[in-house]
Every structure is written in C-alpha cells, then in structure tokens.
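Colleague: Take me through one part of this model up close, please. Start wherever you like and follow the connections from there.

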Amino acid sequence: MPLCFIPIPLNNLLNLSRLESALQTLMETRRGTSLPNILYFDSLISTNQTAWELLEQGEPSGTVVIAGRQTAGRGQWGRQWQSSQGGLFLSKIVDINLPVTQQAQLSISSAWGIATILRDRSCPLQLKWPNDLILNQRKLGGILTETKISGQFITQAVIGVGLNWENPVPEIGINLQTFFANSATPPAIQSLEFLAALVLQGLDLGIQHLSDAKVKKMLTGYNQLLTCMGKPIQIGDQIGEIIGISEQGNLRVGLYPKTEIGFSQEIDQQPGTINIGYS
C-alpha cells in the first residue's frame with residue numbers, strides 16, 4: 001500500500017531550515033557537493049522502513065529521512081531501538097556497488113565516519129564492534145544498515161542512525177547533553193540540527209572510504225577506536241585476545257599462547273555470534 005504523505009508541522013526540537021543552514025556551513029569547504037533531499041516527520045514507525053517505501057516510490061539516492069521519534073525503531077539482530085523524542089533518528093538512501101562478502105563494511109565505515117567527525121568536535125567517541133557509538137563507556141548511538149542485493153553485489157542500502165541528544169536513555173546509555181553538562185569545556189555542538197549535519201557528514205565520509213584505495217585507512221582507524229582491542233575473550237573452549245577486525249568486518253581473535261612475534265593461530269567471529277559487552 002503506497003504511503004500518503006501529509007505535511008506535518010515541525011516540532012521545536014529540529015528545524016529543517018536550520019539543518020539545511022548547518023549543512024551549507026559544513027559544505028563550504030567541500031566543492032562539488034549539494035544539499036541532500038531531506039524529509040522530516042514528527043513521528044514514524046521507523047525511518048529505515050519509510051526510506052525503503054520512499055525509494056520504491058521513486059525518491060532518489062541520497063534522500064534522508066528524519067523523525068522526531070520512532071514508535072518501533074529497529075536495532076541490530078531484530079532488537080527494538082528506544083526512540084523517544086529528543087534523540088536524532090535518521091536514515092539515508094545510498095546507491096552502492098559492494099560485494100556481498102563485504103556487507104559488514106557498510107555499518108563499520110558508517111560508524112567510523114560518524115565517530116571521526118564527532119571526535120573533531122570534542123566528543124571522544126569509541127566504537128563497540130560492530131556498529132555501536134560509545135561515549136564514556138556508555139552507548140551514545142547505533143547504526144542499522146539494510147541492503148538490496150543483485151547477484152553477488154549490494155546495489156542499494158538504507159543506513160539508519162540513532163543517536164542520543166537529550167532523550168531519556170537506559171542505564172547503559174548516555175546522551176550528549178549529559179556529557180556536555182559534565183564537561184569542563186563549552187559544547188562544540190550547540191543544536192540537534194548541527195548534530196544531524198555532522199552525522200550526515202560522517203556517513204558521507206564512511207561511504208567515501210569503501211573504495212579499494214581507502215578501505216584500509218578506514219579499517220585502521222576503526223581498529224584504533226575499538227573499545228575491546230586487547231580484551232581477553234573465551235570462545236567455546238578456546239581462549240584468546242581481540243586483535244581487531246578483518247576486511248570482511250569480522251572480529252579477529254588471536255588464540256593463546258602468545259609469543260614475542262604474535263599469536264600462532266587466529267580465528268574470526270562474524271557479527272552477531274558473540275557479545276563483547278561495553279567495558
């Protein structure tokens with residue numbers, strides 16, 4: 001059943017014209033870029049779901065869907081994402097040509113891109129494998145990537161981002177307003193609109209680094225921000241240490257014993273097979 005869109009007045013938490021102004025400011029040093037097509041709704045079931053429906057109706061690649069809140073926001077592995085008003089909830093439609101074997105790179109590069117951009121704004125983000133944004137050992141946000149596959153390649157994707165701005169969060173979470181309130185320096189992000197613009201800039205950065213020439217740089221940067229790097233871990237009856245992620249986005253584990261030249265054996269764990277926690 002096709003969607004019927006009725007103009008919805010914007011609430012006072014995100015103003016579309018201020019968002020476009022923030023994007024324009026960030027784009028001043030990036031030649032050849034243009035403002036994306038942005039659609040804002042006070043409330044949606046899921047920004048990812050709406051993005052796919054819009055794509056089927058002919059909306060172009062690059063379209064961004066933003067919601068003031070989600071009534072059934074989705075997280076990884078079918079989990080529900082708490083999406084109360086005051087958070088940032090957006091999805092971006094992208095055309096892409098990526099081997100199915102490298103599907104996890106979409107989430108990984110998006111997480112790395114957003115973390116990189118926000119770290120430049122005095123937010124010391126780290127990454128929890130594969131797609132969580134961590135601030136002060138608590139979850140600030142997460143990414144859900146959904147794809148359309150043709151043959152052996154991903155041809156289209158919707159990248160969804162949920163990030164806590166001033167919304168209520170669970171015990172393992174944190175929002176940026178709480179972080180800024182306890183910071184000794186003035187906040188470098190003054191509004192939800194500017195945060196949204198930075199997140200979109202981060203998504204673009206991540207997508208740009210999916211090319212063969214740049215993916216190694218992205219993976220190196222991701223590993224440097226990985227919260228669990230060097231953490232001991234037991235998988236079945238095997239004990240080892242987390243040593244990073246592979247090009248396919250799997251968690252690399254070096255098995256003990258460890259020698260002066262490294263681990264004699266290494267195994268990979270696919271996303272969703274183990275839970276490594278937040279500390």
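Modeller: Let's start with S91, whose bridge partner in β7 is G160. One caveat before going further: this is a predicted model, where local features need pLDDT of at least 70 and side-chain atom pairs count only at pLDDT 80 or more, while totals for chains, interfaces and linings use all residues. Numbering runs from 1 along each chain as its sequence is written, and side-chain values use heavy atoms, with hydrogens and water left out.

Back to that bridge. The strands behind it are β3 (residues 88–99) and β7 (residues 153–163), which pair in the antiparallel sense over 10 bridges. Pairing here takes at least two DSSP bridges between two strands, and the elements are DSSP runs numbered from the N terminus: helices are H or I of at least four residues, strands E of at least two.

S91 has company from a helix, too. It is one of the residues touched by A51, along with V65, I93 and V158, leaving out residues up to four places away in sequence; a touch is a contact with heavy atoms within 4.5 Å. A51 belongs to helix α2 (residues 47–56). Is A51 buried or exposed? Its relative accessibility is 0%, so A51 counts as buried (under 20% is buried, over 50% exposed and in between partly exposed, with a 1.4 Å probe and protein chains only). A51 also has a C-alpha 9.8 Å from that of A157, although the two are 106 residues apart in sequence.

Now zoom out to the whole sheet. It's an open one with 7 strands and mixed pairing, in the order β1-β2-β3-β7-β6-β5-β4. At its edges stand β1 (38–44) and β4 (126–128); each has a single partner strand, so one side of each is left without a neighbour in the sheet. From one strand to the next, the twist averages 25°.

Follow that order past β7 and you get to β6. Strands β6 and β7 run antiparallel and are joined by 10 bridges, and K148 is found opposite Q156 in β7. The two make a hairpin with 2 residues between them, and G151 in the turn has a positive phi of about 65°.

Next along comes β5. Strand β5 (residues 132–135) runs antiparallel to β6 (residues 138–150), and 4 bridges join them, with I134 opposite K139 in β6. That's another hairpin with 2 residues in between, and N136 in the turn has a positive phi of about 55°. Q137 sits in this loop between β5 and β6 as well, and its phi is near 65°, a positive value in a residue other than glycine. With 57% relative accessibility, Q137 counts as exposed.

On the way from β4 to β5, have a look at P130, which lies in the loop between these strands. A cis peptide bond links W129 to P130, with omega about 0°. Another cis bond runs from Y256 to P257, with omega near 10°, but P257 is in strand β10 (residues 251–259).

Go back before β4 and there's S122, in the loop between α3 and β4. Phi of S122 is near 65°, again positive in a residue other than glycine. The relative accessible area of S122 is 48%, which makes it partly exposed.

That loop takes us to the helices. The axes of helix α3 (residues 104–119) and α5 come within 7 Å and cross at roughly 130°, so α3 and α5 are oblique to each other. On the α3 side the contact is made by S109, S110, W112, G113, I114, T116, I117 and L118, and on the α5 side by L195, L198, V199, Q201, G202, L203, L205 and G206.

Helix α5 (residues 192–208) also meets α1 (residues 16–27): their axes come within 8 Å and cross at roughly 50°. That pair is therefore oblique too. From α1, R18, L19, A22, L23 and L26 meet E193, F194, A196, A197, L198, L200 and Q201 of α5. For reading the angles: axes are fitted to C-alpha atoms, for helices over the stretch in contact, with angles from 0 to 180 degrees between N-to-C directions; under 35 is roughly parallel, over 145 roughly antiparallel, 65 to 115 roughly perpendicular, the rest oblique.
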